[in-house]
Amino acid sequence: MDKEIRVFCPATIANISCGFDVLGVALDNVGDEMVVRKTRKKGITITKLEGQDLPLETHKNVAGVAGLALLSASDYDGGFEIEIYKKIKAGSGIGSSAASSAGAVWAMNKLLGEPFSNLDLVKFAMKGEELASGVPHADNVAPAIYGGFTLVRSYDPLDIIKINTPSELYATVIHPQIEVKTSDSRKILKTTISLADGIKQWGNVGGLIAGLYTEDYNLIGRSLTDHIVEPIRSILIPAFDTVKSASIQAGALGCGISGSGPSIFALCKGKSSAIKVAEAMQKVYTKVGITYDIHVSSINLEGVKKMNP
Ligand code: HSE
């Protein structure tokens, strides 16, 4: 059995418009790297953290906390060292904390001979999400661990369903260079919704799932609508409405807030369409003078994966 493993930890788009806290998808071209090593010393030590200014102390680091949850459920007698190479910016809305939490527990499970199921790993990784945002939401860590699209059908008991990924689906994500903390963008949400909004929202969730399974791109596009969260959170995102309408005009199936923002995502049919949408989004931000990162990515069907050392 290996003593050390290097893993790719994918970025993820959570919510996917209509599925607040329940839907998510993993990306191929954006993600962190992590090296996890077995040690005789018990506990977890974060020995390196590059790319972001985040705490190294195990109890303050999401990878550390998720890893401790795994350790306490395991009969393994030793510990782990973790090196984290962050490429996903914290507070970007594409699952930075989830990538670290999911990557750590996935790698540890591999090094221990896979005693835990993917569902167990999601439960451990949710401890990291709780540390990062105050809420143990699973809609980023589930796709990071399972790959593809996932649905959190229930939180209690936790029930995760992996959803089909249509073969031509691509994602475009633009990240305006401001930081929005998930904890802050959750605070502004209302805690109740109207029945009328509920009806619209669960119609779209069902439509999106049906569209993903039947590979009906038009149905996917029609269902990428959020009547509950987007109208409130979009005020935090520069030129959101303009970016959204420009990307739809450029051929996106649909467009919305990635996770808790400020990144904006679009789903597209085919790579060339996703590139056109990226150009349209960039044009808007260039015009209004906002700096950004942009990503065009296929869907990551595997989730966290082993890399060559
Ligand atoms: N569902 C979470 C939220 C995702 O929107 O607050 C955070 O990335």
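These legends go with close-up views of a predicted model.

**View 1. Here's the largest cavity and the residues around it.** Search the whole structure and you get one cavity of 30 Å³ or more. How much space lies in the largest cavity? About 70 Å³. Its lining includes a group with low numbers, N15, I16, S17 and F20 among them. The lining also takes in D226, V229, E230 and R233, along with I257 and G259. Sort the lining by class and you get four nonpolar residues, three polar ones and three charged ones. If you're wondering how anyone spots a space like this, rolling a probe the size of a water molecule over the atoms shows where empty space is left.

**View 2. Now look at where the largest cavity sits relative to the domains.** Domain 1 covers 4-163 + 301-306, and domain 2 covers 169-298. Why does the largest cavity lie between them? Because both domains give residues to its lining.

**View 3. This one is all about the ligand and its surroundings.** Which residues surround the ligand? They are A14, N15, F20, D21, H137, D139, N140, T182, R186, R233, G259 and S260. Zoom in on N15 and you'll find an N or O atom of its side chain 2.8 Å from an oxygen atom of the ligand. For R233, too, a side-chain N or O atom is 2.8 Å from an oxygen atom of the ligand. Then there's N140, with a polar side-chain atom 2.9 Å from a ligand oxygen. N15 also turns up in the lining of the largest cavity, and so does R233.

**View 4. Finally, meet two cysteines, C18 and C255, that are in no disulfide.** A quick reminder: a disulfide is a covalent bond between the sulfur atoms of two cysteines. How many disulfides does the count come to? Zero. For C18, the nearest cysteine sulfur belongs to C255 and is 14 Å away. C255 has its nearest cysteine sulfur in C268, 8.8 Å away. Since a disulfide needs the two sulfur atoms within 2.5 Å, neither distance qualifies. Is C18 buried or exposed? Its relative accessibility is 3%, so C18 counts as buried. C255 is at 0% relative accessibility, so C255 counts as buried too.

Technical notes. Residues are numbered from 1 along each chain as its sequence is written. This is a predicted model: local features need pLDDT of at least 70, side-chain atom pairs count only at pLDDT 80 or more; totals for chains, interfaces and linings use all residues. Side-chain values use heavy atoms; hydrogens and water are left out. On a 1 Å grid over the protein atoms alone, a cavity is a set of points where a 1.4 Å probe fits but cannot get out, and a pocket is an open set with protein on both sides within 12 Å along at least five of seven lines; lining residues have an atom within 4 Å of a point. Grid points are joined across faces, edges and corners, and a volume is the space filled by probe spheres set on the points. Ala, Val, Leu, Ile, Met, Phe, Trp, Tyr, Cys and Pro count as nonpolar, Asp, Glu, Lys and Arg as charged, and the others, Gly among them, as polar. Domain bounds come from an automatic or database domain assignment. Buried means under 20% relative accessible area, exposed over 50%, partly exposed in between (1.4 Å probe, protein chains only). A residue is near a molecule or strand if one of its heavy atoms lies within 4 Å of it. A polar contact is a pair of N or O atoms within 3.5 Å; within protein, one must be able to donate a hydrogen and the other to accept it, and residues adjacent in sequence count only if both atoms are side-chain atoms.
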